[in-house]
Amino acid sequence: MRNENGCPLQDKWQERSESAVELWFENSEWLFDSRSPSVGDLGCGNERLRDLVASPLGRSFTYQGYDLHPQSREVIKLDLRQDLPDREFDVVFALGLLEYLPDVEDFLTGLRRICPFAILSYVFLDSAEPLSEPEREERGWRNHYTRRKLEALCERAGWVAEGFVQVERGRTGIWLWRSVGR
């Protein structure tokens, strides 16, 4: 399967996942203390994030993936449009998920209950190479935010940006968010 530019979709997801893990490692000094971090992966797909975290971390950690359509026995089936995991994590990744949610602000508010740090990606409407709303809707995306609008939603839900990178030729943003007053 290829994207609209003829590039394999796997490459896009690999770039997004690698950039997200790198952003987390570059901005998380607490990561390097002696404890074993817990990682939640919402909308985990094939769990590619597990190996990307394991390699540079070089020590034990707990990982749990959640997806509406689990691709392995270890993944917990969960409809993230309605529910969140019933446990806490040190950090939660939600890559390629927000576009599908009908109420992003409600999701972001609930996310604060389960983690102090979240790494979120979003293909924003005002990117360097934007997709039109009809193109976004063809992909099943439920919302159409500019970068600033999404950041305002996150801030209103109680998050502060600790880091940001753009991938996929500037189309997708990845943020490291810290929960305020958790």
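Two strands pair if DSSP finds at least two bridges between them. That cut-off is used in the exercises below, which work on a predicted model.

**Exercise 1. Place β4 in its sheet.**

Task: Find which strands flank β4 and in which sense they pair with β4.

Solution.
- Step 1. Start from the strand order. The open sheet has seven strands, ordered β3-β2-β1-β4-β5-β7-β6, and its pairing is mixed.
- Step 2. Look at the ends. The edge strands are β3 (76–77) and β6 (159–167), and each pairs on one side only.
- Step 3. Take the β1 side. β1 and β4 run parallel and are joined by three bridges. One residue pair to locate is D41 and its bridge partner in β4, F93.
- Step 4. Take the β5 side. Four bridges link β4 with β5, again in the parallel sense. Here V92 has A118 of β5 as its bridge partner.
- Step 5. Apply the cut-off. Pairing needs at least two bridges. β1 and β4 have three, and β4 and β5 have four.

**Exercise 2. Find the antiparallel partner of β6.**

Task: Which strand runs antiparallel to β6, and how many bridges join the two?

Solution.
- Step 1. In the strand order, β6 stands at one end, beside β7.
- Step 2. β7 covers residues 172–179 and runs antiparallel to β6, with eight bridges between them.
- Step 3. Check one pair. V160 is bridged to R178 in β7.
- Step 4. Recall the chemistry. Strands of a sheet pair through backbone hydrogen bonds, either parallel or antiparallel.

**Exercise 3. Decide how well the central strands are covered.**

Task: Are the residues of β4 and β5 buried or exposed?

Solution.
- Step 1. Set the threshold. Buried means under 20% relative accessible area.
- Step 2. Read β4. V91 and F93 are buried on one side, V92 and A94 on the other, so both faces are covered.
- Step 3. Read β5. Seven of its seven residues are buried. F117, I119, S121 and V123 point one way, while A118, L120 and Y122 point the other way.
- Step 4. Add the helix. α3 (residues 104–111) lies across β1 (38–42), β4 (91–94), β5 (117–123) and β6, and runs at about 160° to β5.

**Exercise 4. Compare two buried residues.**

Task: What surrounds V91, and what does E151 touch?

Solution.
- Step 1. V91 sits in strand β4. In β5, F117 stands opposite V91.
- Step 2. The relative accessible area of V91 is 0%, so V91 counts as buried.
- Step 3. Leave aside neighbours within four places in sequence. V91 then contacts W24, S38, V39, G40, F117 and I119.
- Step 4. Turn to E151, in helix α5 (residues 147–156). Its relative accessible area is 13%, under the 20% limit, so E151 is buried too.
- Step 5. Not counting residues up to four places away in sequence, E151 touches W175 and W177.

**Exercise 5. Describe the second largest pocket.**

Task: How many residues line the second largest pocket, and which lie nearest its centre?

Solution.
- Step 1. The second largest pocket holds about 170 Å³ of space.
- Step 2. Its lining has 13 residues, with L80, R81, Q82, D106 and F107 nearest the centre.
- Step 3. Sort the lining by type: five nonpolar, three polar and five charged residues.

Terms used:
Residues numbered from 1 in each chain as written. Predicted model: local features only at pLDDT ≥ 70, side-chain atom pairs only at ≥ 80, totals over all residues. Heavy atoms only, no water. 1 Å grid on protein atoms, 1.4 Å probe; cavity = no way out; pocket = protein on both sides within 12 Å on 5 of 7 lines; lining within 4 Å. Points joined across faces, edges and corners; volume = space filled by probe spheres on them. Nonpolar A, V, L, I, M, F, W, Y, C, P; charged D, E, K, R; others polar. Contact = heavy atoms within 4.5 Å. Axes fitted to C-alpha atoms, helices over the stretch in contact; angles between N-to-C directions. Buried < 20%, exposed > 50% of the residue type's maximum accessible area, 1.4 Å probe, protein only.
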